Amino acid sequence: MGKYIQKRLAGMIVLLFLVSIAAFALVRLMPGDAASAYLNSINAPVTDAALTKVRAELGLDRPVIFQYTAWLRQVACLDLGVSFMTKKSVSGQLLISFRYTMILTAMSAVWIAVLSLPLGIMAGKRPGSAGDQLIRGITFLGSSMPSFWLGFLLVELFALKLKLLPVQGAETFSHLVLPSATLACSYIAMYTKMIRGGIIENMGRRYAVYGRARGLKKNTVLWRHVLPNALNPIFTTLGLSLGSMLSGAVIVENVFAWPGMGRLIVSAVAGRDYPVIQGYILVIAVVYTLLNLGMDILCAVMNPQIRFEGEER
């Protein structure tokens with residue numbers, strides 16, 4: 001396992017280097033000008049002299065290759081630079097916003113675990129039953145419903161009509177309920193279908209059939225043998241899903257004014273704040289790769305039959 005982890009970490013460094021190149025190049029292909037956006041943000045007149053001065057202050061007057069190498073040296077020292085708009089450390093801003101996004105993602109993961117596991121088991125135990133049909137209908141609606149539309153529906157019902165939950169902010173736990181449920185909805189539908197399909201598939205395999213033939217109860221076969229095997233694909237995709245939730249929280253955070261990375265990146269794009277945009281892309285790439293590595297290791301710990309690449313079989 002040690003060699004596998006070393007190999008993955010080396011590949012991660014190469015991947016992040018390529019991501020840094022892509023991030024640096026793409027933000028400079030965006031329409032608009034960072035100097036003009038900065039002048040507009042401080043209500044200063046956009047003149048040729050002012051643009052020249054601001055570009056020199058922001059370092060945008062140097063050749064792009066020199067801008068990239070200077071930024072890469074900063075990143076190597078774990079410094080993502082200074083925001084064009086706020087003049088604050090990008091690392092500090094991302095750290096504060098990342099904490100809120102992690103809270104939102106963690107609560108969404110709780111929703112997923114609490115709802116998708118029992119729903120998937122209920123549907124998989126009795127395929128074709130009325131309960132199975134109902135659960136499949138609910139998951140179809142959940143997977144096809146856009147998150148921003150669901151967010152507005154939840155706001156209309158629970159905040160405006162019933163007045164049970166707040167609409168915006170992050171002061172209390174109640175502020176977390178609606179955005180986390182909105183973010184989790186499509187993933188609950190996806191994992192419910194995956195668990196249902198895994199249980200149905202494994203219940204038809206030889207080990208499950210032999211267990212029933214030996215006199216084991218159906219629930220014993222399900223919980224001790226079928227469910228652990230059915231959950232293996234879940235852990236494989238969980239890392240990707242968590243990364244997608246972190247990066248995909250942009251819409252939900254803006255609907256509910258949640259002060260996470262989604263809100264930060266939208267304002268950064270609007271203001272052409274290159275350091276913040278580049279830092280955001282790099283942080284998401286790091287989180288993605290680390291989550292995937294962690295899920296691979298977790299799968300191997302839970303299922304000793306799994307062997308890593310390069311190990312003897």
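## Salt bridges, cores and a surface patch

With a relative accessible area of 29%, Arg55 counts as partly exposed, and this residue is a convenient place to enter the structure, which is a predicted model. Its partner is Asp33, whose side chain meets that of Arg55 in a salt bridge, with 3.3 Å from N to O. Because Asp33 sits in the loop between helix H1 (2-28) and helix H2 (34-41), while Arg55 belongs to helix H3 (residues 48-58), the pair ties together parts that are 22 residues apart in sequence. Asp33, like its partner, is partly exposed, at a relative accessible area of 23%. As a general point, side chains of opposite charge can pair when their charged atoms come close.

How many salt bridges does the structure hold? There are three, and another of them joins the side chains of Asp132 and Arg196, at 2.7 Å from N to O. Here Asp132 lies in helix H6 (residues 130-144) and Arg196 in helix H8, so this pair ties together parts that are 64 residues apart in sequence. Are these two residues buried or exposed? Asp132 counts as buried because its relative accessibility is 0%, and Arg196 is buried as well, with a relative accessible area of 18%, since the limit for that word is under 20%. Glu201 and Arg205 also form a salt bridge, their closest N and O atoms being 2.7 Å apart; Glu201 is partly exposed at 46%, and Arg205 is partly exposed at 39%.

From charged pairs we turn to nonpolar residues. In soluble globular proteins, nonpolar side chains tend to be buried together. The largest nonpolar core in this model has 36 residues, and of these Ile112 and Ile199 touch the most other members. Helix H5 (90-125), H7, helix H8 (174-203) and helix H10 (218-255) each supply at least two residues of this core, with the largest share, 13 residues, coming from H10. Leaving aside residues up to four places away in sequence, Ile199 touches eight residues by name: Gly120, Ile121, Gly124, Lys125, Leu222, Val226, Leu227 and Ala230. A second, separate core holds 35 residues, among them Leu16, Met30, Val75 and Ile284.

Some nonpolar residues, however, are found on the surface, where Phe148, Trp149, Phe152, Leu153 and Ile251 form a patch with about 500 Å² of accessible area together. Helix H7 (residues 147-161) contributes the largest share of this patch, four residues. Phe148 lies in that helix and is partly exposed, with a relative accessible area of 41%.

Definitions and conventions
Residues are numbered from 1 along each chain as its sequence is written. This is a predicted model: local features need pLDDT of at least 70, side-chain atom pairs count only at pLDDT 80 or more; totals for chains, interfaces and linings use all residues. Side-chain values use heavy atoms; hydrogens and water are left out. Patches are made of residues with over 30% relative accessible area and no salt bridge: like charges are joined within 9 Å, nonpolar side chains (Val, Leu, Ile, Met, Phe, Trp, Tyr) within 5 Å. Accessible areas come from the Shrake-Rupley method with a 1.4 Å probe; for residues, only the protein chains shown count as cover. A salt bridge is a side-chain nitrogen of Lys or Arg within 4 Å of a carboxyl oxygen of Asp or Glu. Buried means under 20% relative accessible area, exposed over 50%, partly exposed in between (1.4 Å probe, protein chains only). A nonpolar core is a set of buried Ala, Val, Leu, Ile, Met, Phe, Trp, Tyr and Cys residues joined through side-chain atoms within 4.5 Å. Contact means heavy atoms within 4.5 Å.
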